Amino acid sequence: MQWSRRICVRLLIFYNNKMTHYCYKTKGTCSQMIDIEVNEDGIITDLHFIGGCNGNLKGICALAKGHKAAEVKALLGGITCGSKMTSCPDQLARALTEMGF
């Protein structure tokens, strides 16, 4: 299945007042959606961007998987892309914030 055709259902699953699965609609970036799954220990277990720069986003996903969501959020928050005030990594940090991390 191509990620650009992946259907992301807004399914909200909570564990200890934190979302464990979230489909985040990005704002101000080339990517359109981020599909995130975090386990009960706060570790990112699955991550996919829909749209955007394919190779770069695959790299971000590979680097983020297996790491604590709070740490990834701290590292990526505030990164910009060109003249934009945000970026795909920054949008991931914002999504993790909305998830409660």
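Q: Over which residues does pLDDT stay under 50?
A: This is a predicted model, in which local features need pLDDT of at least 70, side-chain atom pairs count only at pLDDT 80 or more, and totals for chains, interfaces and linings use all residues. Residues are numbered from 1 along each chain as its sequence is written, and side-chain values use heavy atoms, with hydrogens and water left out. The term pLDDT is the predictor's confidence in each residue, from 0 to 100. The stretch where pLDDT stays under 50 has five contacts (heavy atoms within 4.5 Å) beyond four places in sequence, and it covers residues 1–5.

Q: Which element of the protein chain has the highest mean pLDDT?
A: The protein chain has a mean pLDDT of 88, and 83% of its residues reach 70 or more. Elements here are DSSP runs numbered from the N terminus: helices (H or I) of at least four residues and strands (E) of at least two. Strand β1 (residues 13–15) has the lowest mean, 58, while the highest, 98, belongs to helix α2 (residues 69–76).

Q: What pattern does the protein chain follow along the sequence?
A: Let's start with the parts: there are three helices and four strands. Read along the sequence, they give the pattern β-β-β-β-α-α-α.

Q: Which residue of β3 is the bridge partner of Y22?
A: Two strands pair if DSSP finds at least two bridges between them. Strand β2 (residues 18–25) and strand β3 (residues 31–38) pair in the antiparallel sense over five bridges. They form a hairpin with five residues between them, and G28 in the turn has a positive phi of about 80°. In β3, the partner of Y22 is I36.

Q: Which residue of β4 does I36 stand opposite?
A: Now move one strand along: β3 and strand β4 (residues 44–51) pair in the antiparallel sense over seven bridges. Their hairpin has five residues between the strands, with G42 taking a positive phi near 80°. In β4, the residue opposite I36 is L47.

Q: What is the angle between the planes of Y22 and Y24?
A: Rings of Phe, Tyr and Trp (its six-membered ring) pair if their centres lie within 6.5 Å; planes under 30 degrees apart count as stacked, over 60 as edge-to-face and the rest as tilted. By this rule there is one aromatic pair. Y22 and Y24 form this tilted pair, with 6.1 Å centre to centre and an angle between the planes of 55°.

Q: Why are A69, V72 and L76 on the same side of α2?
A: In α2, A69, V72 and L76 are buried (under 20% relative accessible area with a 1.4 Å probe, protein chains only; over 50% is exposed, in between is partly exposed). On the other side of α2, A74 and L75 are exposed. The three buried residues are on the same side because the arc, taken from the directions from the helix axis to the C-beta atoms, is only 65°.

Q: Which elements do the buried residues of α2 pack against?
A: Here we ask what lies against the buried side of the helix. The partners include two strands and two helices, namely β3, β4, α1 (54–64) and α3 (88–99).

Q: What is the relative accessibility of L92?
A: L92 lies in helix α3. Leaving aside neighbours within four places in sequence, L92 is in contact with I34, I36, L47, F49, I60, V72 and L76. L92 counts as buried because its relative accessibility is 0%.
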